[in-house]
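Biologist: Before we discuss any labels, could you show me the chain, and then explain how each term is justified?

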Amino acid sequence: MKRLLLAASCIPALTLPAIAEQHVNMEVRAEVMNRDGDSVGTVTINETASGQALIIVALSGLSEGAHGIHFHETGDCSADDFTSAGGHIAGDADHGVMVEGGPHPGDMPNIVVGSDGNTNVEIFNDRIDIADHLLDEDGAAFIVHSGPDDYMSQPSGDSGDRVACGVLEEV
């Protein structure tokens, strides 16, 4: 069984069912760090046999409530505010599911963090191309924002500051 490596011990390890392992074509993962440089968990992207990306988000130590999450265009989390990751992976689309011409390939639903600071969620995304978007020449990053994405404000959903970042790498 594939096991996600989680730096935060309070989050149970998430695994793909054994039958699912044989249907994963490529896997990309990032250790997600907060602004203090502490690990808050992982995000794993599996390219499935159907061509859809299965995104597994397992995070801890975040503030309670909804947070926007996105794939950003550059695999660089070096700036203190994570702006080095650039904007969303946008392709030719507008931001959000509430607008005509959207969503970006890097747009995803908000995550909801419980009062314990943890979130574990699986998301399917049929717009993101792992090889072309996440593993291109300058890479890509996974970003957690301080607030929820409103799914329509341009260019990024008015989801607030970037509070966590992880550089995506092929496993």
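Biologist: How many helices and strands does the chain have?

Modeller: The chain has two helices and 10 strands, where helices (H or I, at least four residues) and strands (E, at least two) are DSSP runs, numbered from the N terminus. This is a predicted model, in which local features need pLDDT of at least 70, side-chain atom pairs count only at pLDDT 80 or more, and totals for chains, interfaces and linings use all residues. Residues are numbered from 1 along each chain as its sequence is written, and side-chain values use heavy atoms, with hydrogens and water left out.

Biologist: In what order do these elements follow one another along the sequence?

Modeller: The pattern, read along the sequence, is α-β-β-β-β-β-β-β-α-β-β-β.

Biologist: Why is Leu168, in the loop between β9 (162-167) and β10 (169-170), called buried?

Modeller: Buried means under 20% relative accessible area, exposed over 50%, and partly exposed in between (1.4 Å probe, protein chains only); Leu168 has 4% relative accessibility and therefore counts as buried.

Biologist: What does Leu168 touch, not counting residues up to four places away in sequence?

Modeller: With contact meaning heavy atoms within 4.5 Å, Leu168 touches residues including Val28, Ile45, Phe71, Leu134 and Phe142. The C-alpha atoms of Leu168 and Phe142 are separated by 7.0 Å, although the two are 26 residues apart along the chain.

Biologist: What makes Asp129, in the loop between β7 (119-125) and α2 (130-134), partly exposed?

Modeller: Asp129 has 30% relative accessibility, so the label partly exposed applies.
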